[in-house]
2 protein chains.
Amino acid sequence: MINGKPHIVVVGGGFGGIKICKLFAKENVEVTLVDRHNFHLFQPLLYQVSTSVLSTDEIAYPTRSFFRENKNVNFFMAKARGVDQANNVLLTNHGKIPYDYLVLAAGATTNFFGMKEVEDHAYGMKTIQEALAIRNHVLHEFERADKPYRTDAERKEKLTFVIVGGGPTGVEEAGAIAELRDIMKKEFHHLDFNNVSIKLIEATAHVLPMMSQDLQDETVRVLRSKGVEVMLETQVVGYDGKILKLKSGVEIPTSTVIWAAGVKAVEFIKDCGGECARDGRIWIDEDLMVKGAVNKNVFAIGDCAAFMHGDMKRPLPTVAPVATQQAKVCYENIMKLIKGDNNLNKFKYKDLGAMATIGRGKAVVNSPKMTGFMAWCAWMLVHLIRLAGAHANFTVAIKWGWNLLSGIRLGRIITNIKLDSGKLTLTKVEEDHSNESNFNEGKMIVLDKED
Amino acid sequence: MINGKPHIVVVGGGFGGIKICKLFAKENVEVTLVDRHNFHLFQPLLYQVSTSVLSTDEIAYPTRSFFRENKNVNFFMAKARGVDQANNVLLTNHGKIPYDYLVLAAGATTNFFGMKEVEDHAYGMKTIQEALAIRNHVLHEFERADKPYRTDAERKEKLTFVIVGGGPTGVEEAGAIAELRDIMKKEFHHLDFNNVSIKLIEATAHVLPMMSQDLQDETVRVLRSKGVEVMLETQVVGYDGKILKLKSGVEIPTSTVIWAAGVKAVEFIKDCGGECARDGRIWIDEDLMVKGAVNKNVFAIGDCAAFMHGDMKRPLPTVAPVATQQAKVCYENIMKLIKGDNNLNKFKYKDLGAMATIGRGKAVVNSPKMTGFMAWCAWMLVHLIRLAGAHANFTVAIKWGWNLLSGIRLGRIITNIKLDSGKLTLTKVEEDHSNESNFNEGKMIVLDKED
């Protein structure tokens, strides 16, 4: 209790966390929102940062700004480390936080399925930093490939971009990189773009599993027309930073692998005192309470929670609508408990359909079924109105319009975040190719023989 | 010679470098533009990135995009290391580049005047990365100060922001941080903002040395009205990351020192075979040729060049108009030499006046003399039309308008670039304050005694 009011602690400021805090803000309770970042991230557009379309502050919104007028919602920037359910305390790197009710909304991270080597060399795409690292790396590989002393094999390796995972993230990333290639083509006056290869690898027989067969086929058709090699029923078994190994024995030389093949709950969830599924998500009951919660006051919602009931074959997917719909029911149930009513509501998911862009002016939407430009307009509208911050609505609309009309991407700025053995780091040591060759002998600038 | 055409190599894609390449693009020559970054940076607005107003891609423009239609201008991303004048070769980390004519337009970096300790702990503000590091650090210090276990002394140290140097950069940064404080005040519901202190330290008796006395006085008055402590005739002698030491013996506990007190030419300039001034700038003749150039084909323009002739008391200042005006004359002179005309033009600087913002809706302009909102409108217009990329004109105009009307800064995103012993690095290890104190005992949330 704080000042005589129930204290609700929420871990994670994603779609679910922000929504539930906003709901509690109107009530006579004190809320502490804990997040290791100071911003809410609009994850569905992360791929646009990684491909130079949008900049970070267009998809990241300062968490505190949501609660400017809500004095009973307090932001606490810290990394959650675990939950001591017996004592009603959340453990963080900035101390312990006692709670009356706890909501776990901590989200998900990339799942490399235990392949350590892949994890060390492939790019995940769940954070702003990862998206920036991908942007920097992809742009830099074009610059590196453009150097005159490169062999053809080196150039091909640097210009081979592999995306693993045929879900919306993988499909959208592959389409966006294909368009980035077309833009780069206009600005690299001497680079042979026949060396560029973009591959989308999917383990199953279908991309976009939530869509119908005809939309899946349309997606593959559009991707192929953009020059993306779509490889279905293809499994990755290893990647050492240079060679991507497939189960079939095929080896693909590439310096860029973007891993969008799976997610799992963030590490912290396993230390919350609940039982977890194989992908780390914590099992919850129909009332969204963590299964076996010691004091009946710990709930979980969104990507970090595994919800499966009745005739469901698998837990609900890790998508924003699940998180926001759960936020509402979780809020109602905690308010009931506060008022002494133990007759909690049961959560029922309402599927609102799915959509994915396949690049500039093209998308697929499954309900109502749409493809092409119409679908893209629908996709754009839905994403624009859900973006936080009126400023972002404006500037993103301008950028997308600009991008559609002119085909120019303005975010092509190489800062120096890069991936090094599974850790994001800054480029510190400059590359040294000063003695590898002489500029004269290069291919980029051909000197006249007589000079 | 390349394909029988003279090969002009330009080092640096700043205001001078881009301008001269654009001029050569129309001529029957081959141009190679060398830069270690793939973007042109609009440095005058860097302080707005450091204070969360603008995002990086609004002030950084991909260098290659300038020359999309100019097939004779080739971009070469590399770090220049020196010049072998005798052999007409530029040395880079990606090999040697032979030239017929060389233009040094490599720019300037922060001058810590040999104070290594200060260099290791204070933030420079000449690159995108430094601006992002300042943004992250300042925002993070507010979050750190907000933690309940902090002592008053720690909180004061974290909320003391010192800017050293009363030139335009220092003045603008101080004004922008003061406004950031006012925005933060609305969103930190429990932090005592009386602990916040913003100090602008200037060694001489005046801020904005290029302005008249009355504009200088007006600037100090406005800054003070915003709660900035302006300390004139104050010299810094040391900073260890915790205590800023003044010549007077006064010590200021602070975890943030932003150094805008001086610039010097980038390191590379000293290895170009010319004679350099004390601040590292290379001496040039009236025709902009490097003094004593061995083969009479090496020029220097902009911040990296020291130009002083006739009755001038000191070299021209390191500002954009000098660089762009020199670019034009340098281009004319190289074209003359190519055509065999040795009667080179002499450079004469036309001073267009100076302007500086002192925060939202306020600025000073010295010719024609203006202050307040009118000056701010003039400042805004001049900067908007000079920004590269029509998209940036739009989005920056929207952001400034938004900022003016709502007072909201949307770029307040803490990514994880930080300064560590003079090197920018990424935060890897999470802070551990888990045992320092108990959340219960903190000040931020006061627990009822009876609970």
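**Close-up 1. A hairpin joins E7(A) to E8(A) in the predicted model.** Two residues make the connection. Strand E7 covers residues 89–92 of chain A, and strand E8 covers residues 95–98. The two strands pair in the antiparallel sense, over four bridges. One bridge can be picked out by name: Val89(A) has Pro98(A) as its partner in E8(A). Strands of a sheet pair through backbone hydrogen bonds, either parallel or antiparallel.

**Close-up 2. Ala131(A) is buried in helix H6 of chain A.** The helix takes in residues 128–145. Relative accessibility at Ala131(A) is 0%, so the residue counts as buried. Leaving aside neighbours within four places in sequence, Ala131(A) is in contact with Leu46(A), Val49(A) and Ser50(A). Thr56(A) is 75 residues away in sequence, yet the C-alpha atoms of Ala131(A) and Thr56(A) are 9.1 Å apart.

**Close-up 3. Four strands of chain B form an open, parallel sheet.** The strand order is E13-E12-E11-E17. Strand E13 (228–231) and strand E17 (256–259) are the edges, each pairing on one side only. Neighbouring strands are turned by 20 degrees against each other on average, direction ignored. Strand E12 (residues 197–201) and E13(B) pair in the parallel sense over four bridges. Lys199(B) has Glu229(B) as its bridge partner in E13(B). Helix H9 (residues 213–225) of chain B packs on the sheet and touches E12 and E13. The direction of H9 makes about 140 degrees with that of E13(B).

**Close-up 4. Helix H8 of chain B lies across the strands E11, E12, E13 and E17.** H8(B) runs at about 175 degrees to E12(B). How far apart are the end C-alpha atoms of helix H8 of chain B? They are 26 Å apart. That agrees with the span expected at 1.5 Å a residue for the 18 residues of this helix, 168–185. Of the 18 residues of H8(B), 14 are buried, so the helix is largely enclosed by the rest of the structure.

**Close-up 5. H6(B) passes H8(B) in a right-handed crossing.** Helix H6 of chain B spans residues 128–145. The axes of H6 and H8(B) come within 12 Å and cross at roughly 40 degrees. From H6(B), the contact is made by Ile134(B), Val138(B), Leu139(B) and Phe142(B). From H8(B), Glu173(B), Leu180(B), Arg181(B) and Met184(B) take part. The residues of this contact divide into six nonpolar, no polar and two charged.

**Close-up 6. H1(B) packs on H10(B) in chain B.** Helix H1 covers residues 15–24, and helix H10 covers residues 320–338. Their axes are 8 Å apart, at an angle of about 35 degrees. The crossing is right-handed. H1(B) contributes Phe15(B), Gly16(B), Lys19(B), Ile20(B), Leu23(B) and Phe24(B). Among the residues on the H10(B) side are Ala320(B), Ala323(B), Tyr331(B), Ile334(B) and Met335(B). The residues of the contact divide into eleven nonpolar, two polar and two charged.

**Close-up 7. Lys158(B) is a buried lysine in helix H7 of chain B.** Helix H7 covers residues 152–158. Is Lys158(B) buried or exposed at 12% relative accessibility? Lys158(B) counts as buried because 12% falls under the 20% cut-off. Setting aside neighbours within four places in sequence, Lys158(B) is in contact with Glu141(B), Arg144(B), Ala145(B), Arg150(B) and Ser255(B).

**Close-up 8. The peptide bond from Ser367 to Pro368 is cis in chain A and in chain B.** Omega is near -5 degrees in chain A and near 0 degrees in chain B. Pro368(A) lies in the loop between strand E23 (363–366) and strand E24 (369–371) of chain A. Pro368(B) lies in the loop between strand E23 (363–366) and strand E24 (369–371) of chain B. Most residues other than glycine have a negative phi, and most peptide bonds are trans.

**Close-up 9. Glu233(B) and Lys296(B) have positive phi values.** Neither Glu233(B) nor Lys296(B) is a glycine. Phi is about 45 degrees at Glu233(B) and near 55 degrees at Lys296(B). Glu233(B) sits in the loop between E13 and strand E14 (236–239) of chain B. Lys296(B) sits in the loop between strand E19 (282–283) and strand E20 (298–300) of chain B. Glu233(B) counts as exposed, at 63% relative accessibility. Lys296(B) also counts as exposed, at 53%.

Notes:
Residues are numbered from 1 along each chain as its sequence is written. Chains are lettered from A and ligands numbered from 1 in the order in which they are written. This is a predicted model: local features need pLDDT of at least 70, side-chain atom pairs count only at pLDDT 80 or more; totals for chains, interfaces and linings use all residues. Side-chain values use heavy atoms; hydrogens and water are left out. Buried means under 20% relative accessible area, exposed over 50%, partly exposed in between (1.4 Å probe, protein chains only). Contact means heavy atoms within 4.5 Å. The expected span of a helix is 1.5 Å times one less than its number of residues. Two strands pair if DSSP finds at least two bridges between them. Axes are lines fitted to C-alpha atoms, for helices over the stretch in contact, and angles run from 0 to 180 degrees between N-to-C directions. A crossing is left-handed if the near helix is turned anticlockwise from the far one by less than a right angle, and right-handed if clockwise. Ala, Val, Leu, Ile, Met, Phe, Trp, Tyr, Cys and Pro count as nonpolar, Asp, Glu, Lys and Arg as charged, and the others, Gly among them, as polar.
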